[in-house]
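Biologist: I'm new to this one, could you put it up and walk me through it?

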Amino acid sequence: MVTKELSNLSDEADLRRADSLAREIFSDVANKWALLIIEALGERTLRFSQLRSEVEGISHKMLTQNLRMLERNGLAERKVYPTVPPRVEYTLTEPGRALRATVDLICGWTHEYFGHIESARRSFDT
């Protein structure tokens with residue numbers, strides 16, 4: 001894990017510290033729902049219902065919580081249109097799009113090693 005490699009990083013940037021802001025941010029974005037939402041948004045702007053359809057299995061509550069977390073961390077923007085009923089759209093910010101590049105790598109790794117992991121699980125479970 002890449003942590004506090006540079007001596008000029010503050011304690012808040014040290015992922016090894018349980019009370020650091022970096023650890024909190026890492027914990028926020030390193031969950032399956034956040035990663036799947038980031039992947040679903042990609043370069044697009046989507047409404048809540050579209051996101052819910054894109055991320056199969058996510059509950060209304062989990063989608064709401066994760067969208068709020070992404071917005072709080074500056075990774076997604078929420079735009080509300082003054083219509084009845086209100087129309088709300090979500091899009092990734094520049095930092096969110098940068099994180100998406102990492103999410104894409106994780107997705108690629110999953111596809112590349114899917115067969116290997118599936119085989120290992122079968123062996124382990126017998």
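Modeller: We can go through the pocket, a database annotation and a few single residues.
This is a predicted model, in which local features need pLDDT of at least 70 and side-chain atom pairs count only at pLDDT 80 or more, while totals for chains, interfaces and linings use all residues. Residues are numbered from 1 along each chain as its sequence is written, and side-chain values use heavy atoms, with hydrogens and water left out.

Biologist: What volume does the largest pocket have?

Modeller: The volume of the largest pocket is about 160 Å³. A pocket here is an open set of points on a 1 Å grid over the protein atoms alone, where a 1.4 Å probe fits, with protein on both sides within 12 Å along at least five of seven lines. Grid points are joined across faces, edges and corners, and the volume is the space filled by probe spheres set on the points.

Biologist: Which residues line the largest pocket?

Modeller: The lining consists of I25, F26, V29, A30, L35, L99, T102, V103 and I106, where a lining residue has an atom within 4 Å of a point. They divide into eight nonpolar, one polar and no charged; Ala, Val, Leu, Ile, Met, Phe, Trp, Tyr, Cys and Pro count as nonpolar, Asp, Glu, Lys and Arg as charged, and the others, Gly among them, as polar.

Biologist: And which helix gives the most to that lining?

Modeller: That is α5, with four residues, and both α1 (21-29) and α5 (94-125) supply at least two each. Helices (H or I, at least four residues) and strands (E, at least two) are DSSP runs, numbered from the N terminus.

Biologist: Why does the pocket lie between the two domains?

Modeller: The largest pocket lies between domain 1 (1-30) and domain 2 (32-125) because both give residues to its lining; the domain bounds come from an automatic or database domain assignment.

Biologist: Changing topic, what does UniProt list for residues 18-118?

Modeller: An unreviewed UniProt entry lists them as "domain: HTH hxlR-type", with positions given in the numbering used here, the feature name shortened, and the annotation possibly inferred rather than shown by experiment. In the model, this span is 63% helix and 15% strand, and its end C-alpha atoms lie 33 Å apart.

Biologist: Now D14, is that buried or exposed?

Modeller: D14, which sits in the segment before α1, counts as buried because its relative accessibility is 5%; buried means under 20% relative accessible area, exposed over 50%, and partly exposed in between (1.4 Å probe, protein chains only). A polar atom of the D14 side chain lies 2.9 Å from the backbone nitrogen of R16.

Biologist: Where is R47 found?

Modeller: R47 is in strand β1 (residues 45-47) and is partly exposed at 35% relative accessibility. Between R47 and I106, which are 59 residues apart in sequence, the C-alpha to C-alpha distance is 25 Å.

Biologist: Last one, which peptide bond is cis?

Modeller: The bond from V84 to P85 is cis, with omega near -5 degrees, and P85 belongs to the loop between β2 (76-81) and β3 (87-92).

Definitions and conventions:
A polar contact is a pair of N or O atoms within 3.5 Å; within protein, one must be able to donate a hydrogen and the other to accept it, and residues adjacent in sequence count only if both atoms are side-chain atoms.
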